[in-house]
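Me: I'd like a close look at one part of this model, the packing inside it. Could you walk me through that in one go?

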Amino acid sequence: MFLTFISRHKLHHLRLLRHLSTTAATAPSSSNLHSKYSFTPPSSLTPPNPRNPNPNPPPKPPKKPRYRPPSSLETTTAADKKYIRRRRTLPFDYRFSYTESNPNSRPIGLREPRYSPFGPGRLDRVWTGICAPVKPPRVTSVDGDDGDDDWGTVVVAGEDEKLAKKRRIMREQVLGKELTEAERKILVDNCLRGKTKSQINLGRNGLTHNMLDDVHNHWKHAEAVRVKCMGVPTIDMENVCTQLEDKTFGKIIHRQGGLLVLYRGRNYKPKRRPLVPLMLWKPSEPVYPKLIKTTIEGLSIEETKALRKRGLAVPALIKLGRNGYYGNLVSMVRDAFLVASLVRIDCTGLDKSDHKKIGVKLRDLVPCILVTFMKEQIVMWSGKEYEPTQDRVFLTEQEPLEISVDNLVWDD
């Protein structure tokens, strides 16, 4: 019986050795034999790793650096250092929107602290809560006093004549010799919808600051770019054309309704393009006085209520659609005031902020008195003694732009 137990033990030991030898020949280098049985297979039995046939792989290429928006404080290694200061300094105040903001309107406060939308340490200008002026602001309070207050520097003094003259000189240098009629026609034909899909959309925020960088990016590949204007800014197309030419130093060579063709100029060089620091977020709008007051000046409370009730019952002059073209709206309101003293515009479907923007533009351009914004309607009153004014030139859809825009921009 004892001999039988020894023979069985030897037989089990032989089977274990045979199993270990067979598994060592087929097991990869990551086998758990050593942890369980303290067995290390010889190198001759270890097969090469099929997953990594090359023991010395080539070095990986370095990772591409992450994109960083251009900054006016970053150091650069450009060879032409004499142009660096000129490219960084644009002779105008940085604003979120150049067409939808009026430098002459004075706010009564700010909605948030004055955090620069360009990011911390990325701009060599002071953000006042409204704009980043070229020169330090002269007014140190909202009320125009020199004393300190909670808001600090909010209102910025008007642009200096020297800056306007500097922009005019820079624009003339970039434009160079005037285009001939044949050259202008070729550029306009190349920007039509059938020739190219490249386009810049100018929407409800108007000409924004980051849009200037988009224009210069399009000018890298083409001499002219198509700009499509939609929504509230199209009420005053004169202002849109003026701001586009003034801030980009280009020239509008064609206009058809809200469609513009912006030419970069003969002497434009993409490598010498101005460095436009980008806004990382949209700053909140400041607080302005109320547009609709409790009582209209010259009327009592009862008369004001009756006027608002009667204005909402007047037939609508026009119904505005979202992202439409409103270039003829000012002329339509002026003509309507020759017949009736109350005009109602149906703004159903538009944003509430668009109602106020449209009302402000009509108040200044017609001019008129705003009555109410109730029920998504804009009701305007001509006043007791209305006299139509023709002090500004409003371009129609069929009017050529080459004659009028330069006079509108640079006439003294």
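Which residues have the most contacts inside the largest nonpolar core?

Reply: Bear in mind that this is a predicted model. The residues with the most contacts inside the largest nonpolar core are Tyr94, Val227, Leu244, Leu260 and Leu262, and the core has 31 residues. As for where they come from, helices H4 (161-175), H6 (209-218) and H7 (237-248) each supply at least two residues, and so do strands E3, E4 (224-229) and E6. H7 gives the most, with four residues.

Let's zoom in on Leu262. Leaving aside residues up to four places away in sequence, Leu262 touches a long list of residues, among them Val215, Trp219, Val225, Val227, Leu244 and Ile252. Glu223, Thr248 and Lys251 are also on that list, along with Ala224 and Gly250.

Now for the sheet. Four strands make an open sheet with mixed pairing, and the order runs E3-E4-E6-E5. E3 (200-202) and E5 (251-256) are the edge strands, each with a single partner strand, so one side of each has no neighbour in the sheet. On average, neighbouring strands here are turned by 25° against each other, direction ignored.

Look at the E5 end of that order: E5 and E6 (residues 259-263) run antiparallel and are joined by five bridges. One pairing to pick out is His254, whose bridge partner in E6 is Val261.

Back to the packing: there's also a second, separate core, which has 23 residues, including Ala336, Phe337, Leu362 and Tyr386.

How values were computed:
Residues are numbered from 1 along each chain as its sequence is written. This is a predicted model: local features need pLDDT of at least 70, side-chain atom pairs count only at pLDDT 80 or more; totals for chains, interfaces and linings use all residues. Side-chain values use heavy atoms; hydrogens and water are left out. Two strands pair if DSSP finds at least two bridges between them. Axes are lines fitted to C-alpha atoms, for helices over the stretch in contact, and angles run from 0 to 180 degrees between N-to-C directions. A nonpolar core is a set of buried Ala, Val, Leu, Ile, Met, Phe, Trp, Tyr and Cys residues joined through side-chain atoms within 4.5 Å. Buried means under 20% relative accessible area, exposed over 50%, partly exposed in between (1.4 Å probe, protein chains only). Contact means heavy atoms within 4.5 Å.
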